[in-house]
Amino acid sequence: MAIQLKRIYDDPSEDDGYRVLVDRLWPRGVSKEAARLNEWCKDIAPSTELRKWFDHDPEKFEEFAKRYKTELTGREEVVESLLDIAQQQRLTLLFAAKDEVHNHAVVLKEFLDTYAS
């Protein structure tokens, strides 16, 4: 199973496989054509309340990750859909956050990797 992370602002490549935007909000300055998405999966993104609480603050990341994983446990159908895709081909989770270490896509990838094993 191959799952990778990539910023939506990075150029698409053939190696991306199935490209899924995992943000609840559409990224600024990116056209739908330029994004070359296979899917926009808003339902897997953190709740609006959690996203606003976190506010991309690295000091809150550990607690954010814990809360987001709790949210993900209630979204089995969407989680399993992404895992099914990852079993068939490379899955690229796309996100807009500038911080490539402290963001929800990192937590989601870790959750998917753990859930699958």
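This note sets out points on the sheet, its packing helices, the main pocket and one helix residue of a predicted model.

1. Sheet layout. The order β1-β4-β2-β3 describes an open sheet of four strands, with parallel pairing. Its edges are β1, residues 3-7, and β3, residues 39-40, and each of these pairs on one side only. As background, the strands of a sheet are held together in pairs through backbone hydrogen bonds, and the sense may be parallel or antiparallel.

2. Pairing of β1 with β4. Strand β4 covers residues 91-95 and pairs with β1 in the parallel sense over five bridges. The register can be read from two positions: isoleucine 3 lies opposite leucine 91 of β4, and leucine 5 has leucine 93 of β4 as its bridge partner.

3. Helices on the sheet. Helix α4, residues 76-88, packs on the sheet and touches β1, β2 (18-21), β3 and β4. The direction of helix α4 makes about 130° with that of β4. Helix α5, residues 104-116, also packs on the sheet, where it touches β1 and β4. Between the directions of helix α5 and β1 the angle is about 175°.

4. Pairing of β2 with β4. These two strands pair over four bridges, again in the parallel sense. Tyrosine 18 has leucine 91 in β4 as its bridge partner. Leucine 91 is also the residue of β4 that stands opposite isoleucine 3.

5. Burial of β4. Are the residues of β4 buried or exposed? The strand is mostly covered, and five of its five residues are buried. Leu91, Leu93 and Phe95 point one way from β4, while Thr92 and Leu94 point the other way. Side chains in a regular strand alternate between the two faces of the sheet. In β4, the residues pointing either way are all buried.

6. Largest pocket. Its volume is about 560 Å³. The lining of the largest pocket comprises 22 residues, and those nearest its centre are Asp23, Leu25, His56, Ala96 and Ala97. By class, eleven lining residues are nonpolar, eight are charged and three are polar.

7. Alanine 34. This residue belongs to helix α1, residues 32-35. Why is alanine 34 classed as partly exposed? Its relative accessible area is 46%, and the class runs between the limits of 20% and 50%, so the value falls inside it. Alanine 34 and proline 12 are separated by 22 residues in sequence, and their C-alpha atoms are 8.3 Å apart.

Terms used:
Residues numbered from 1 in each chain as written. Predicted model: local features only at pLDDT ≥ 70, side-chain atom pairs only at ≥ 80, totals over all residues. Heavy atoms only, no water. 1 Å grid on protein atoms, 1.4 Å probe; cavity = no way out; pocket = protein on both sides within 12 Å on 5 of 7 lines; lining within 4 Å. Points joined across faces, edges and corners; volume = space filled by probe spheres on them. Nonpolar A, V, L, I, M, F, W, Y, C, P; charged D, E, K, R; others polar. Pairing = 2+ DSSP bridges. Contact = heavy atoms within 4.5 Å. Axes fitted to C-alpha atoms, helices over the stretch in contact; angles between N-to-C directions. Buried < 20%, exposed > 50% of the residue type's maximum accessible area, 1.4 Å probe, protein only.
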